[in-house]
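Open the model in your viewer and keep the selection tool at hand. Each stop below says what to select and what is there.

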Amino acid sequence: MTAPRRLCLVAFCTLALGACSVMPPADFPRAERVDLERFVGTWYVIAHIPPDVTSNAYNSVERYERTARDRVRTVFTYRDGGFDGEPERMEMTGYVQPGTGNAVWAMQPFWPLRMENTISYVGPRYETTIVARSALDWVWIMARTPRIEASVYRDLVERVARLGYPLEALRRVPQQPLGVRDGPSG
């Protein structure tokens, strides 16, 4: 491929990625208002329909740190394939979208790609959350602790079903109790 054609292809792909909306449709359920100061911190992934790269994750933990008024540093750690699996780490930036009550973030794993992440639900004490996508491809049920009560889990799964996700694809993420882990990524 010639250099001008390659440049045109790169420019087209960049424009196409940039044109992808990070805003869910107006009727896609999202939390009315998310208090970012209460939301940031550590969340344990209890269940998910994940991207392929994390489909066999154990001890998954998502950490959010506010770095600016509309920006959140996101660090996702897990062990691949088992509790003794290779530790993995992913970092990205969340850009809180204006006019969404802080519930819609454009997640940027690398430039220029930005993907929609919607906080569809957050518990009244910020103890549980559901982060979803209107494409219904990925979803995360998370909690402030690595384990939650069965009744709380059932309620969150019912919420995921009401969003339209196929529950047969939902995977419970194995989490070791905090005292058994060998560290925060562990």
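**Stop 1: aromatic rings.** This is a predicted model. Across the whole structure, a search finds seven aromatic pairs. Select Phe76 and Tyr78: their planes meet at 35°, so the pair counts as tilted, with ring centres 5.2 Å apart. Is Phe76 buried or exposed? Phe76 is buried, at 6% relative accessibility. Tyr78 is buried as well, at 3%.

Next, select Trp138 and Trp140. Their pair is edge-to-face, with 65° between the planes and 6.4 Å from centre to centre. Trp138 has 21% relative accessibility and counts as partly exposed. The cut-off for buried is under 20%, so Trp140, with a relative accessible area of 14%, is buried.

Now add Phe39, Trp43, Tyr64 and Trp105 to the view. These residues form one aromatic cluster. Keep Phe39, Tyr64 and Trp105 selected, for they also line the largest cavity.

**Stop 2: the cavity.** How many cavities of 30 Å³ or more are there? The count is one. The space inside is about 60 Å³. To complete the lining, add Glu62, Met107, Asn117, Ile119 and Val131. Color strand S2 (57-68), strand S5 (104-110) and strand S6 (113-122): each supplies at least two residues of this lining. By class, the lining has six nonpolar residues, one polar and one charged.

**Stop 3: the largest pocket.** The largest pocket holds about 300 Å³. Which of its 17 lining residues are the closest to the centre? Select Pro51, Glu62, Met90, Met92 and Trp140. Two of these names have come up before: Glu62 in the cavity lining, and Trp140 in the edge-to-face pair. Strands S2, S3 (71-80), S4 (86-96), S6 and S8 (139-143) each give two or more residues to the pocket lining. The lining has 13 nonpolar, three polar and one charged residues.

**Stop 4: the second largest pocket.** Its volume is about 200 Å³. Of the 13 lining residues, Arg125, Glu127, Thr128, Ile148 and Val152 are the closest to the centre. Color helix H3 (residues 150-163), which provides the largest share of the lining, three residues. Here the classes are six nonpolar, two polar and five charged.

**Stop 5: along helix H3.** Stay on the helix and select Arg159 and Asp155. Both lie in H3, four residues apart, about one turn of the helix. Their side chains meet in a salt bridge, 3.3 Å from N to O. Arg159 is partly exposed at 27% relative accessibility, and Asp155 is partly exposed at 30%. What does the charged end of Arg159 sit over? Add Tyr121: the charged end lies over its ring, 3.8 Å from the centre. For another such contact, select Arg171 and Tyr58, where the charged end sits over the ring at 5.7 Å from its centre.

**Stop 6: more salt bridges.** The structure has seven salt bridges. Select Arg133 and Asp137, whose closest N and O atoms are 2.8 Å apart. Arg133 counts as buried at 10% relative accessibility, whereas Asp137 is partly exposed at 27%.

Finish with Glu65 and Arg73, a salt bridge of 3.2 Å from N to O. Glu65 is partly exposed at 41%, and Arg73 is partly exposed at 30%. Add Arg89 and Glu91 to see the network of salt bridges that links them with Glu65 and Arg73.

Methods:
Residues are numbered from 1 along each chain as its sequence is written. This is a predicted model: local features need pLDDT of at least 70, side-chain atom pairs count only at pLDDT 80 or more; totals for chains, interfaces and linings use all residues. Side-chain values use heavy atoms; hydrogens and water are left out. On a 1 Å grid over the protein atoms alone, a cavity is a set of points where a 1.4 Å probe fits but cannot get out, and a pocket is an open set with protein on both sides within 12 Å along at least five of seven lines; lining residues have an atom within 4 Å of a point. Grid points are joined across faces, edges and corners, and a volume is the space filled by probe spheres set on the points. Ala, Val, Leu, Ile, Met, Phe, Trp, Tyr, Cys and Pro count as nonpolar, Asp, Glu, Lys and Arg as charged, and the others, Gly among them, as polar. Rings of Phe, Tyr and Trp (its six-membered ring) pair if their centres lie within 6.5 Å; planes under 30 degrees apart count as stacked, over 60 as edge-to-face and the rest as tilted. Buried means under 20% relative accessible area, exposed over 50%, partly exposed in between (1.4 Å probe, protein chains only). A charge sits over a ring if NZ of Lys or CZ of Arg is within 6 Å of the ring centre and within 35 degrees of the ring normal. A salt bridge is a side-chain nitrogen of Lys or Arg within 4 Å of a carboxyl oxygen of Asp or Glu.
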